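Grab a coffee and open your viewer. Here is a small set of exercises to work through by hand, each with a solution you can check against the coordinates.

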Amino acid sequence: MRKYETVIISDPDLQDQTRAELFDKIRNIIARENGILLDCDEWGSKKLAYEIKKKLRGYYTCLTYGGTGDLVKELERNLRLSDDIMKFMTILLSDNVTAESLEQELADAKEAEAAEEAAKAEEAAQAEEEAEEAPAEASEEAEAPAEEAEAADTQE
């Protein structure tokens with residue numbers, strides 16, 4: 001088994017649902033050909049270096065997966081048939097990888113993503129606590145001078 005990366009430039013004017021269906025079809029092709037999809041990273045709409053199909057922008061998506069040469073042939077055949085795909089390019093990342101190592105890499109990526117989300121949630125909660133404490137401290141400080149003024153008045 002080999003590890004590949006395919007960068008796909010699709011029509012930027014596609015509706016979100018149409019784009020989701022397109023990438024579901026690609027995921028199904030990878031699964032049908034006994035491949036393992038490691039990552040589907042959507043880079044978003046970006047300016048093209050040159051005009052393709054009379055468009056100056058394209059929607060970039062990077063797929064990282066493991067599979068055989070037959071999977072790449074079938075995937076590229078389907079990409080060529082689709083009118084929504086403007087360009088694509090597949091590169092070989094590594095040779096001689098095992099399905100177990102790819103699945104371990106996938107599990108590690110999911111763990112790292114979960115840890116990152118937990119850290120972001122913790123940071124947001126901490127920032128929220130600090131925001132709640134700051135006005136309370138500010139109101140206590142505002143009350144303190146008033147109390148000091150009252151104390152000074154009673155001493156006189």
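The exercises below go from the overall layout to salt bridges, buried polar contacts, backbone oddities and surface patches. Keep in mind that this is a predicted model.

**Exercise 1. Work out the order of helices and strands along the protein chain, and find what share of its residues is buried.**

Solution.
- Start by counting elements: the protein chain has three helices and four strands.
- Next, walk along the sequence and write down each element as you meet it, which gives β-α-β-β-α-β-α.
- Now turn to burial, where the cut-off is under 20% relative accessible area. Of the 156 residues in the protein chain, 29% are buried.

**Exercise 2. Find which elements the salt bridge between Lys3 and Glu105 ties together, and classify both residues by accessibility.**

Solution.
- Some background first: side chains of opposite charge can pair when their charged atoms come close.
- The structure holds ten salt bridges. In one of them, the side chains of Lys3 and Glu105 meet at 2.7 Å, N to O.
- Lys3 sits in strand S1 and Glu105 in helix H3, so this pair ties together parts that are 102 residues apart in sequence.
- For accessibility, Lys3 comes out at 14% and counts as buried. Glu105, at 34%, is partly exposed.

**Exercise 3. Do likewise for Asp13 with Lys55, then for Glu74 with Arg32.**

Solution.
- Take Asp13 and Lys55: their salt bridge has its closest N and O atoms 2.6 Å apart. Asp13 is in the loop between S1 and H1 while Lys55 is in strand S3 (residues 55-67), so you get a link between distant parts of the chain, 42 residues apart.
- Check the surroundings: Asp13 is exposed at 53% relative accessible area, and Lys55 is partly exposed at 22%.
- Look for further partners, and Asp11 turns up: Asp11, Asp13 and Lys55 are linked in a network of salt bridges.
- Now the other pair: the side chains of Glu74 and Arg32 meet in a salt bridge at 3.5 Å, N to O. Glu74 belongs to helix H2 (residues 69-81) and Arg32 to helix H1, so parts 42 residues apart in sequence are tied together.
- Glu74 counts as buried, at 18% relative accessibility, whereas Arg32 is exposed at 52%.

**Exercise 4. Trace the side-chain polar contacts that involve Thr6 and Thr90.**

Solution.
- Begin at Thr6, in strand S1 (residues 2-10). Thr6 is buried, with a relative accessible area of 0%.
- One polar contact, of 2.8 Å, joins the side chains of Thr6 and Tyr65.
- Another, of 2.9 Å, connects the side chain of Thr6 with that of Thr90, a residue of strand S4.
- Carry on from Thr90: its side chain also makes a polar contact with the side chain of Glu76, again listed at 2.9 Å.

**Exercise 5. How far apart are Ile30 and Gly67 in sequence and in space?**

Solution.
- Place Ile30 first: it lies in helix H1 (residues 16-32) and is buried, with 1% relative accessible area.
- Then use the C-alpha atoms: Ile30 and Gly67 are 7.9 Å apart in space, against a sequence separation of 37 residues.

**Exercise 6. Look at the phi angles of Asn34 and Asn96, then say where each residue sits and whether it is buried or exposed.**

Solution.
- Asn34 has a positive phi of about 60° although it is not a glycine. You'll find Asn34 in the loop between H1 and S2, exposed at 62% relative accessibility.
- Asn96 is not a glycine either, yet its phi is positive at about 55°. This residue lies in the loop between S4 and H3 and is exposed, at 72%.

**Exercise 7. Identify which residues make up the negative patch and the nonpolar patch on the surface.**

Solution.
- For the negative patch, collect Asp39, Asp41, Glu42, Glu113 and Glu117. Strand S2 (36-52) and helix H3 (99-155) are the elements giving two or more residues to it.
- S2 gives the most, with three residues; Glu113 is found in helix H3.
- For the nonpolar patch, the members are Met89, Ile91 and Leu93, with about 270 Å² of accessible area together.
- Zoom in on Met89, in strand S4 (residues 85-94): this residue is exposed, at 54% relative accessible area.

Methods
Residues numbered from 1 in each chain as written. Predicted model: local features only at pLDDT ≥ 70, side-chain atom pairs only at ≥ 80, totals over all residues. Heavy atoms only, no water. Patch = residues over 30% accessible without salt bridge, like charges linked within 9 Å, V, L, I, M, F, W, Y side chains within 5 Å. Areas by Shrake-Rupley, 256 points an atom, 1.4 Å probe, with all protein chains shown as cover. Salt bridge = Lys/Arg side-chain N within 4 Å of Asp/Glu carboxyl O. Lys, Arg positive; Asp, Glu negative; His and termini not counted. Charge placed at Lys NZ, Arg CZ, Asp CG, Glu CD. Buried < 20%, exposed > 50% of the residue type's maximum accessible area, 1.4 Å probe, protein only. Polar contact = N/O pair within 3.5 Å; in protein donor to acceptor, adjacent residues only side chain to side chain.
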